[in-house]
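This report introduces selected features of one structure to a reader who has not met it before. Please keep the sequence and the model at hand while reading.

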Amino acid sequence: MHFTGTYFTDRTDAGRQLATRLGHLRGEPLVVVALPRGGVPVAAEVADALDAPLDICVIRKLGVPSQPELGMGAIGEDGARVINDQVVRMAGASAAQIAEVERTERAELERRAERYRGGRSPADLRGRTVVVVDDGVATGSTARAACEIVRARGAALVVLAVPVAPKDWTVRLGDVADQLVCVATPSPFFAIGEFYEDFTQTEDAEVLRCLSRFAGPPGTDREVTVLADGSRLGGRLTVPDGATGVVVFAHGSGSSRHSPRNRFVAEVLNRAGLATLLFDLLTEAEEPDRQKVFDVALLGGRLAQVTDRLTYERWAVGLPVGYFGASTGAAAALWAAGQDGAQPAAVVSRGGRPDLAGSWLGRVRAPTLLIVGGRDPVVTELNERARERLRCPNELAVVPHATHLFEEPGTLAAAAGLARDWFLRHLAGPSRPAPERS
């Protein structure tokens with residue numbers, strides 16, 4: 001593409017144009033990661049359009065001493081360090097000069113990371129699609145460092161997305177990203193700013209404003225250990241400030257609290273003001289035992305015990321409880337819901353096997369939503385048969401084009417939206433009384 005003029009009014013405009021190239025990712029379990037400072041307003045528009053959380057990856061360019069705008073490398077969080085040997089040779093920079101620049105930039109990196117994060121931990125990227133966004137690529141050193149960092153943090157798929165880059169950028173960076181997305185690759189290319197009408201330096205205040213839009217209310221988000229059957233089970237507890245209910249997740253066979261799909265659903269519920277508890281139904285030692293993986297009574301019994309313990313937590317007193325079950329976890333949720341002591345306020349099953357709950361289906365009293373994929377006929381039929389045995393208010397929702405794992409674009413988001421609406425509808429009733437303590 002031959003350069004004929006500016007392409008972007010400002011970074012906000014650039015972000016909106018870039019978002020149109022990323023629509024295929026909407027509805028996927030993803031996180032948008034911005035490179036401060038200039039990449040943050042661009043990424044904010046992308047995150048808005050994709051309905052995704054926004055985080056940062058603090059990177060500092062190592063500028064050539066005699067020409068600071070020219071990057072000879074970059075450093076980043078987690079000790080990431082990238083050196084462009086070609087630029088170093090061209091500039092004639094010595095090892096001592098590089099070390100001095102790095103010391104200065106490392107101090108600034110730490111200052112910015114502390115200021116922007118405000119003590120918050122980086123987003124959990126494990127198993128997610130991560131979209132790394134900057135306001136453009138020049139030498140590519142900072143983009144390379146960022147991609148390496150998010151990959152090391154567990155990203156399943158790395159997408160590098162920028163408004164503008166040189167024509168050969170895919171050759172330079174194709175080895176660190178799974179997808180590269182760009183609005184314009186003009187030639188000739190001298191500097192990112194020449195393609196913006198307004199390329200004013202982004203200030204810290206603007207970075208903080210953008211991040212605050214996605215921060216959500218203050219609350220709890222931490223790893224926990226829950227006890228059931230004498231076993232210590234790992235969990236993840238998220239409690240938004242002013243939570244109106246809590247949803248306990250029952251994972252499917254071979255899954256855990258780290259399941260990207262369940263974590264995606266949990267985040268949708270958190271943004272709606274619902275607390276979530278994702279916990280492992282089996283210990284690490286038990287996971288290889290296929291008999292226990294499909295032992296609905298064992299799994300459901302642990303879910304019921306955890307629910308009982310949950311009601312004694314100070315923050316949870318009076319909050320209605322819901323169950324979200326996936327695959328075989330749905331059977332465990334319905335088994336637990338059929339017990340006299342659990343009595344959740346609502347149950348949602350995604351791609352579940354409610355038939356495995358057997359005779360306990362007829363004892364469930366909680367309003368139950370069964371979500372199935374339109375392209376999952378076997379599970380759909382099993383859900384239809386199970387529904388005939390339910391005596392509680394219930395509905396069957398079919399997500400078009402979805403297969404069993406809801407991997408198709410937009411299908412998981414649709415299922416999460418259905419679950420959110422069901423829980424908001426049925427967890428808004430009278431509060432549970434505080435449990436009596438002996």
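## Helix packing and buried elements

Helices H8 and H13 are oblique to each other. In this predicted model, the axes of H8 (residues 260–271) and H13 (residues 411–426) come within 9 Å and cross at roughly 45°. The crossing in which H8 passes H13 is right-handed. On the H8 side, Arg261, Phe264, Val265, Val268 and Leu269 take part, and they meet Leu412, Ala413, Ala416, Ala419, Arg420 and Phe423 of H13. By class, the residues of this contact comprise nine nonpolar, no polar and two charged.

Strand S1 (residues 30–34) is largely enclosed by the rest of the structure, because five of its five residues are buried. One side of S1 carries Leu30, Val32 and Ala34, the other Val31 and Val33, and both faces are covered. Its pairings with two other strands are set out below.

| Strand paired with S1 | Sense | Bridges | Opposed residues |
|---|---|---|---|
| S6 (residues 129–133) | parallel | five bridges | leucine 30 (S1) and threonine 129 (S6) |
| S2 (residues 54–56) | parallel | three bridges | valine 32 (S1) and leucine 54 (S2) |

Helix H11 (residues 328–337) is likewise mostly covered, with ten of its ten residues buried. Among them are Thr328, Gly329, Leu334 and Trp335. The cover over the buried residues of H11 includes helices H9 (290–293) and H10 (296–310). Strands also contribute to this cover, including S11 (246–250), S13 (321–326), S14 (346–350) and S15 (368–373).

Key: Residues are numbered from 1 along each chain as its sequence is written. This is a predicted model: local features need pLDDT of at least 70, side-chain atom pairs count only at pLDDT 80 or more; totals for chains, interfaces and linings use all residues. Side-chain values use heavy atoms; hydrogens and water are left out. Axes are lines fitted to C-alpha atoms, for helices over the stretch in contact, and angles run from 0 to 180 degrees between N-to-C directions. Helices (H or I, at least four residues) and strands (E, at least two) are DSSP runs, numbered from the N terminus. Angles under 35 degrees count as roughly parallel, over 145 as roughly antiparallel, 65 to 115 as roughly perpendicular and the rest as oblique. A crossing is left-handed if the near helix is turned anticlockwise from the far one by less than a right angle, and right-handed if clockwise. Contact means heavy atoms within 4.5 Å. Ala, Val, Leu, Ile, Met, Phe, Trp, Tyr, Cys and Pro count as nonpolar, Asp, Glu, Lys and Arg as charged, and the others, Gly among them, as polar. Buried means under 20% relative accessible area, exposed over 50%, partly exposed in between (1.4 Å probe, protein chains only). Two strands pair if DSSP finds at least two bridges between them.
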